[in-house]
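Subject: Handover of a structure for your review

Dear colleague,

Please find below the structure that I would like to hand over to you. I should be grateful if you would read the notes after it alongside the coordinates.

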Amino acid sequence: IFFISRQRTPHLDHQCPAAQGLPHPHSLLRLHPASSAQAQYHRHFLRLFVAAPPSFYTEAMGKNRVRVKQMGGPKMPANPLADLAIPPEEMIHLPTKPDSNSGILVWPMSETFSMVYKKFSAIYPNYIDSNKTVKLGRRIAAKDALPEPTIQDIHEALVSLNIRHAIQPHKGYSRDASSRWDNPGRVLFDLEGAVEIGVINVKVYEAFGLGDDVPEMGDSGESQQDENGKGEGKGKKQLLRQLAQIIRDLPSRQKRLEEKAKTLEEEKLKAIKAEKVATKTGGSGGGGGNRKKKGKKKK
């Protein structure tokens, strides 16, 4: 409680409570206002000044206004742990996760609004990546695969084969969590259309892997084994091998790999230079570099 004035005011004007100066809060307790409006003003100013800290004071600004100011005094910080907070420039801001069903690109572009690609077969880059294991999604032999293929490479290979497809750049392979960040995306292609145009030389049911496990009645066991042996590698795996062969010779892929190798070499050289500088500064920091070597003087 602070002291404005110990002069008691017997009553306050209900239109201008602070025009003649504000009474001391203690004196308000002993006032007997003549009207309910004055009593309301008394209660209002009593709550204001009793709860206010000592650093507040009031001043009259005219007939109908009063202003409350804060002068000096100790100020508590808004957050006592503000010194322990991480500054905004050092905070890690992760990018927002895009919608996996957004950004779909269709080839040919003339079928952007007419193509029904939901029933197409999917190709993930992991299917033909030689750096991945079978557990992580590789579908063909490592000798037939190639390292680090992208959905752009698969797209260009499918365009060269004239196969209808749709690109989903924000998808990721479920078995490999790193593929969602390092090499995201998948391609949905028209497998039936590839069979119809002759890119895959099998029947439609064999392209989906249905012909290898269904033996024909009336044939001997040897003929069934021969037919099943011929059916191996057909369908989707046959197309994956063709895509790997085409992607290996793409000029855009070769250019990308050359740029990546160049950047890796530059980073390696920078790391070596930084190590050399660190070793030099560490060796000279002992303070014994200017000492003379002890030994016999030359005559």
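The notes below describe the sheet, one helix, the salt bridges and the aromatic residues in turn. Please bear in mind throughout that this is a predicted model.

**The sheet**

Four strands form an open sheet in the order 3-5-6-4, and their pairing is antiparallel. Strand 3 and strand 4 are at the edges with a single partner strand each, so one side of each has no neighbour in the sheet. From one strand to the next, the twist averages 25°.

Strand 5 (residues 165–168) has strand 3 (residues 105–107) as a partner, and three bridges join these two antiparallel strands. Within this pairing, Leu105 is placed opposite Ile167 of strand 5, and Val106 is placed opposite Ala166. Strand 5 also pairs with strand 6 (residues 186–189), again in the antiparallel sense, over four bridges. Here Gln168 has Arg186 of strand 6 opposite.

How do the side chains of strand 5 divide, and are they buried or exposed? His165 and Ile167 point one way, while Ala166 and Gln168 point the other way, and all are buried. As general background, the strands of a sheet pair through backbone hydrogen bonds, in either a parallel or an antiparallel manner.

**Helix 7**

Helix 7 comprises 13 residues (residues 236–248), which at 1.5 Å a residue should span 18 Å. Its end C-alpha atoms are 18 Å apart, in agreement with that expectation. The buried residues of helix 7 are Gln238, Leu239, Leu240, Leu243, Ala244 and Ile247.

**Salt bridges**

The count of salt bridges comes to seven. Three of the contacts described here involve residues of helix 8 (residues 251–284), and I take these one by one.

Lys260 and Glu148 form a salt bridge in which the closest N and O atoms are 2.6 Å apart. Lys260 belongs to helix 8 and Glu148 to the loop between strand 4 (121–123) and helix 3 (151–161), so this pair ties together parts that are 112 residues apart in sequence. Both ends can be classed by their accessibility: Lys260 is partly exposed, at a relative accessible area of 38%, and Glu148 is partly exposed, at 35%.

Asp153 forms a salt bridge with Arg253, with 3.6 Å between the closest N and O atoms. Because Asp153 lies in helix 3 and Arg253 in helix 8, the pair ties together parts that are 100 residues apart in sequence. Asp153 is buried, its relative accessible area being 0%, and Arg253 counts as buried at 4% relative accessibility.

Asp153 also meets the side chain of Arg256 in a salt bridge, at 2.9 Å from N to O. Arg256 lies in helix 8 and Asp153 in helix 3, so this pair ties together parts that are 103 residues apart in sequence. Unlike the buried Asp153, Arg256 counts as partly exposed, with 30% relative accessibility.

Elsewhere, a network of salt bridges links Glu111, Arg164 and Asp190.

**Aromatic residues**

How many aromatic pairs does the structure hold? There are three. In one of them, the ring centres of Tyr124 and Tyr127 are 5.6 Å apart and the ring planes stand at 70°; planes over 60 degrees apart count as edge-to-face, so this pair is edge-to-face. Tyr124 counts as buried at 11% relative accessibility, and Tyr127 is buried with a relative accessible area of 5%.

Tyr124 and Tyr127 also belong, with Tyr173, to one aromatic cluster. Tyr127 has a further contact of another kind: the charged end of Arg139 sits over its ring, 4.2 Å from the ring centre.

**Points to view together**

When you open the model, two residues may serve as starting points. Asp153 forms salt bridges with Arg253 and with Arg256. Tyr127 is part of the aromatic cluster and has the charged end of Arg139 over its ring.

Yours sincerely,

A colleague

Definitions and conventions:
Residues numbered from 1 in each chain as written. Predicted model: local features only at pLDDT ≥ 70, side-chain atom pairs only at ≥ 80, totals over all residues. Heavy atoms only, no water. Salt bridge = Lys/Arg side-chain N within 4 Å of Asp/Glu carboxyl O. Buried < 20%, exposed > 50% of the residue type's maximum accessible area, 1.4 Å probe, protein only. Pairing = 2+ DSSP bridges. Expected span 1.5 Å × (residues − 1). Phe/Tyr/Trp six-rings, centres within 6.5 Å; stacked < 30°, edge-to-face > 60°. Lys NZ or Arg CZ within 6 Å of the ring centre and 35° of its normal. Axes fitted to C-alpha atoms, helices over the stretch in contact; angles between N-to-C directions.
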